[in-house]
Each structure stands twice: as C-alpha cells, then as structure tokens.
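Subject: Structure handover

Hi,

Here is the structure I promised to pass on. My notes follow below it.

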Amino acid sequence: MKIFAHRGCSGSYPENTLAAFRAAAELPITGVEIDVHLTKDGEIVVIHDEKVNRTTNGKGYVKELTLKELKQLDCGSWYSEEWSAEKIPTLDEVFDIFENTNHRLNIEIKSDVFPYDGLADKVIDLAAKRGFRNRVLLSSFNHEDIQSVVQGKQVESAILTFEVLVDVYDYARVIGTKRIHVSLPSAFRKMTTDALRKGAIVYVYTVNDVSYAEELQRIGVHGIFTDYPEKMLAHFA
Ligand code: G3P
Ligand code: MG
C-alpha cells in the first residue's frame with residue numbers, strides 16, 4: 001500500500017509549508033499531497049483553505065490577495081513559534097524540493113468552492129515545464145475539472161469524494177478515470193469494496209491510525225494519505 005504525506009508531513013510540521021515538504025522528501029514513501037489555489041494575480045500557491053485566516057497571521061481570501069501580499073504572511077506560527085519564518089509556498093517552490101527525488105506529487109486542485117478558471121491547466125503546464133508531467137497525479141472534489149483534464153491532457157487524475165455514493169466506479173468511468181480518492185469513513189462501505197472489485201485504484205484520506213491502515217491494506221486499498229508518514233513507514237516497513 002502506497003504512503004502519501006498529506007499536506008507534507010503535516011502531523012509534525014505546519015501543513016503545506018516548505019518545511020513539511022522537505023521532511024516528506026527525506027522519506028522513502030511514494031509521494032506527497034499538495035493543495036493548490038490561485039492568487040488574485042494568477043499565481044499557483046500551496047495552501048489548504050480558501051481563506052488565509054486559519055493557517056496564517058493574515059485575513060481574507062487567497063483569490064483576493066496578490067502573491068506579494070501572501071508572501072508577507074507567516075504561515076508557521078499558528079502551529080509553533082519555531083516555524084514563524086515559513087511563507088506560503090508557490091507550487092514552483094515545492095517542485096524545487098522534489099526535483100532530485102522520485103516522489104509522486106498528488107496535486108489537489110482546490111476548485112470546488114471557487115472555480116479558479118484555468119487552475120488545472122496552469123498546474124499541468126507548470127508540471128510539464130518543470131519536468132514533472134509523469135510524476136504528478138491531479139485530484140479534485142471538482143469533477144468537472146478532472147473531466148477536462150482527462151479529456152484534454154495526458155496527466156493522471158483522480159476524483160475526490162467525501163460522501164457515501166452508489167456505483168462510484170461507474171461514475172468515475174463516466175468522468176474518464178479509474179482513480180478514486182475516498183474519505184476514511186466511506187472506505188469501509190460497500191461503495192469502496194464494490195469499486196475495488198470492479199478495478200478502481202482507490203486511495204484513502206486521511207489515515208493517521210495504524211489499525212485503520214492495516215484494515216485498509218487488508219481490503220485491497222492501493223494508497224493512503226497520512227499526516228504521519230514516518231509512523232506509517234515504521235509500521236509497514
Ligand atoms: O487529497 C486528499 C485530501 O487532502 C482531501 O481533503 O480537505 O484534506 O484537502 P482535504
Ligand atoms: Mg487535500
């Protein structure tokens with residue numbers, strides 16, 4: 001079962017920071033998960049929420065702030081004073097960290113609340129320019145974006161789901177993918193076992209408990225996103 005560091009090593013470092021991604025890059029895991037949004041001036045930045053309020057010392061929507069304004073914020077102190085120098089990274093800066101590793105980069109296109117027109121294309125173009133085209137896996141709760149990616153470009157992509165759904169594999173096939181990223185509560189439902197039986201590639205978020213990870217491996221889940229990749233690695237090594 002493949003291990004992905006969720007938002008970097010976000011259990012031990014502030015999420016979606018260069019510190020969290022550097023820690024992940026040191027580990028012999030499959031990959032890392034990265035959340036992206038678009039700034040007011042069209043730059044791709046790495047942050048989870050639509051607003052900067054929870055993880056920085058600023059306020060407001062990412063889409064209403066320029067990259068220069070966002071770079072003035074401290075995105076580490078909310079976690080620990082030790083990380084007060086951390087700034088919101090651009091996707092380009094995260095690519096730098098993984099330039100000489102073999103990790104896969106699961107880039108989550110956060111276009112389900114605000115559409116961020118063109119975000120998926122920008123991510124693909126940057127990945128291609130930086131030589132990461134074959135190493136990225138795009139995912140999103142916005143399945144319209146995933147359908148466009150599947151139809152237009154040769155980049156692996158997955159639908160993200162939160163709800164318990166019926167015939168999710170058939171739905172994913174309509175979109176054009178076999179990859180389904182499901183939430184932990186829905187991972188043990190019929191929805192997921194049916195999808196696995198039909199040939200889906202299933203990854204589960206967010207799995208921080210070793211006993212759940214063991215059970216997921218037993219039912220044939222292909223990958224997990226965890227805030228504690230160090231712990232999962234130690235257990236499954
Ligand atoms: O990509 C898996 C997971 O990150 C999806 O949910 O809210 O943690 O971005 P969230
Ligand atoms: Mg995410």
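A helix here is a DSSP run of H or I, at least four residues long, numbered from the N terminus. By that count H4 is followed by Gly 131, whose phi is positive, near 80°. Please keep in mind that this is a predicted model.

**Overall**

The chain holds ten helices and nine strands. Its C-alpha trace spans about 50 × 40 × 30 Å along the principal axes. The radius of gyration is 17 Å; a compact globule of 237 residues would have one near 18 Å, so the two agree. Of the 237 residues, 57% count as buried. Among contacts with a separation of 6 or more, 54% come from residues 24 or more positions apart. The exposed area is about 10600 Å², and carbon and sulfur atoms supply 48% of it.

**Helix H4**

H4 covers residues 119-129. Its buried residues are Leu 119, Ala 120, Val 123, Ile 124, Leu 126 and Ala 127. Seen down the axis they fall within an arc of 165°, so they line one face of the helix. What do they pack against? The partners are strands S2, S3 and S5, helices H3 and H5, and S4.

**Magnesium site**

Three residues supply the protein donors of the magnesium ion (ligand 2): Glu 33 (OE), Asp 35 (OD) and Glu 108 (OE). They lie 2.0 to 2.2 Å from the ion. The spacing in sequence is E-x1-D-x72-E. Distant parts of the chain are linked here: Glu 33 sits in S2 and Glu 108 in S4, 75 residues apart. Both glutamates, Glu 33 and Glu 108, are buried.

**Salt bridges**

The whole structure has 17 salt bridges. Three examples follow.

- Glu 15 pairs with Arg 54, with the closest N and O atoms 2.7 Å apart. The two are 39 residues apart, each in a loop. Glu 15 is buried at 10% relative accessibility, while Arg 54 is partly exposed at 37%.
- Glu 108, a magnesium donor, also meets Lys 110 in a salt bridge (2.8 Å, N to O). Glu 108 has a relative accessible area of 4%. Lys 110 is buried too, with 6%.
- Arg 197 meets Asp 194 at 2.9 Å, N to O. Both lie in helix H8, three residues apart, about one turn of the helix. Arg 197 is exposed at 62%; Asp 194 is buried at 19%.

Shared partners join Arg 7, Glu 15, Asp 35, Asp 49, Arg 54, Glu 108 and Lys 110 into one salt-bridge network.

Best wishes

Notes
Residues are numbered from 1 along each chain as its sequence is written. Chains are lettered from A and ligands numbered from 1 in the order in which they are written. This is a predicted model: local features need pLDDT of at least 70, side-chain atom pairs count only at pLDDT 80 or more; totals for chains, interfaces and linings use all residues. Side-chain values use heavy atoms; hydrogens and water are left out. Donors are N, O and S atoms within 2.8 Å of the metal (3.2 Å for Na, K and Ca); water is not among the atoms, so sites may look incomplete. Buried means under 20% relative accessible area, exposed over 50%, partly exposed in between (1.4 Å probe, protein chains only). The arc is that of the directions from the helix axis to the C-beta atoms. Contact means heavy atoms within 4.5 Å. The radius of gyration is taken over C-alpha atoms; the globule rule is 2.2 Å times the number of residues to the power 0.38. Accessible areas come from the Shrake-Rupley method with a 1.4 Å probe; for residues, only the protein chains shown count as cover. A salt bridge is a side-chain nitrogen of Lys or Arg within 4 Å of a carboxyl oxygen of Asp or Glu.
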